[in-house]
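Okay, can everyone see the screen? I'll take you through a few spots, starting on the inside.

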Amino acid sequence: MKQELKKLKDKGQFRIIPNIEAKSDGKIVIDGKEYINFASNDYLGISTKYHLEREFLSKTTSALSTASARLLTGSSPEYKNLENTVANLFNKESALIFNTGYQCNLGVISAIINKGDVVFSDKLNHASIIDGMQLAKGDFYRYKHFDYENLEKLLKEKRENYNRALIVSESIFSMDGDIANIDKLIELKKKYNCLLMVDEAHAFACMGETLAGISYNKDVDIITATFGKAIGSFGAFCVSSKDIIDYLINKARSFIFSTSIPPLNIAWSNWLLTEKREFLISQKNKLNNLVKDVHTLLNNKGIYTVSNSQIIPIIIGSNEDTIKISEKLKSKGYYIPAIRPPTVPEGSSRLRISLTADCKIEDFEKILDII
Ligand code: PMP
């Protein structure tokens, strides 16, 4: 292990947990120094609206522990309420809460894909999707990112060799900020008789008419998303048909064999999505206006980006250079950590600028100048 750790250090890939001491709207304190935070997935700025937390905590009577998995004694009315809220929000029959987005993707894929089944997955899909495929007993193929001709070629060659088939894609990709062509994926899933699963982790509450992301009201069979990003909470969910949700309740091992999240947290997510819905929408509009302004600025400066969302990658290439620029930004008061392999492919280390409703366009301009 020591040798492997040394290798990571030599390659500039050794990771440490930052010593984060405090967070406030758009700011973060690390090792006693305050930075402007361009690294958060708290896209609507909810997690630092401490007045909301205080208001919720002054009213709630929800418990701090379940001490059990849902199928034993770990369920409570808070769960049903939140599952109804998200099923309605996404206009789907049913919903199931998982402890995290990671466990959700892992559980859904490994439950649905058995021996004789197959997954077709975008090459840049999140680690939780990759790990789900590796855990599943079936086979998987990874198509080139956004290359739907490559996907169709694989479907043509391989689909008929299997029973059940699943196509999986993120909607907004977590490290590139580009958006999948959901209509094309629907066309292919129909043509080749597959199920389609879309991970809306980075679009949920940031895009879509009802906060429901990119695939709202489209023929997507399974949608997964997390409460840990734009909602500023914790936990995750899958929305689908009643049959698929019943199947997951019976087969998804990361759901069945793990103690459920405290009802307090479940109630907090539900309170935000119901009682504070108007506030979420106003923050979403604020974010969307900023995203528009930032992309116009990039365009005017002639800077090309694959992104068309709040996630903007600045691809540097080598680990060392990315770390150097990240340190330089830090010395000027901006927090944008270096993202390195295995989170992103070798040779594509980057600064992942993440806009939230609390970011300012003037700061973004300064960051570009420094880079
Ligand atoms: N899917 C995607 C696309 C993600 O980016 C993430 C979080 N990085 C997850 C799933 C996992 O969600 P959670 O943090 O709730 O485990």
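So, the largest cavity: its lining is Arg 70, Tyr 79, Ile 97, Phe 98, Asn 99, Ser 254, Phe 255, Ser 258 and Ser 260. By cavity I mean a set of points, on a 1 Å grid over the protein atoms alone, where a 1.4 Å probe fits but cannot get out; lining residues have an atom within 4 Å of a point. Two elements, β4 (94-98) and α9 (253-256), each give two or more residues to that lining. Helices here are DSSP runs of H or I with at least four residues, strands are E runs of at least two, and both are numbered from the N terminus. The volume is about 60 Å³, meaning the space filled by probe spheres set on the points, with grid points joined across faces, edges and corners. Searching the whole structure turns up 1 cavity of 30 Å³ or more.

Quick caveats before I go on. This is a predicted model, where local features need pLDDT of at least 70 and side-chain atom pairs count only at pLDDT 80 or more, while totals for chains, interfaces and linings use all residues. Residues are numbered from 1 along each chain as its sequence is written, and side-chain values use heavy atoms, with hydrogens and water left out.

One of the lining residues, Ser 260, takes us to Thr 66. The backbone oxygen of Ser 260 sits 2.9 Å from a polar atom of the Thr 66 side chain. Thr 66 is in the loop between α2 (50-59) and α3 (77-89). Buried or exposed, this Thr 66? Buried, at a relative accessible area of 13%; the cut-offs are under 20% for buried, over 50% for exposed and partly exposed in between, with a 1.4 Å probe and protein chains only. Skipping residues up to four places away in sequence, Thr 66 touches Thr 73, Gly 74, Thr 259, Ser 260, Ile 261, Pro 262 and Pro 263, where contact means heavy atoms within 4.5 Å.

Next, helix α7, residues 182-191. Its buried residues are Ile 182, Leu 185, Ile 186, Leu 188 and Lys 189. Looking down the axis, they fall within an arc of 165 degrees, so they line one face of the helix; that arc is taken from the directions from the helix axis to the C-beta atoms. What do they pack against? The partners are β6 (139-143), α6 (148-158), β7 (165-170) and β8 (195-199). Lys 190 and Lys 191, on the other side of α7, are exposed. At the N-terminal end, Asn 181 acts as the cap, with a side-chain oxygen 3.3 Å from the backbone nitrogen of Asp 183. Just past the helix, Asn 193 has a positive phi of about 50 degrees.

Two more buried residues. Thr 356 is in the loop between β14 (349-354) and α13 (361-370), and it comes out buried at 5% relative accessibility. Leaving out residues up to four places away, Thr 356 touches Ser 40, Asp 42, Tyr 43, Leu 287 and Leu 290. Then there's Ile 339, in strand β13 (residues 338-339), buried with a relative accessible area of 16%. Apart from neighbours within four places in sequence, Ile 339 is in contact with Met 175, Val 344, Ser 349, Arg 350 and Arg 352.

That's my tour; questions?

Terms used: Polar contact = N/O pair within 3.5 Å; in protein donor to acceptor, adjacent residues only side chain to side chain. 1 Å grid on protein atoms, 1.4 Å probe; cavity = no way out; pocket = protein on both sides within 12 Å on 5 of 7 lines; lining within 4 Å.
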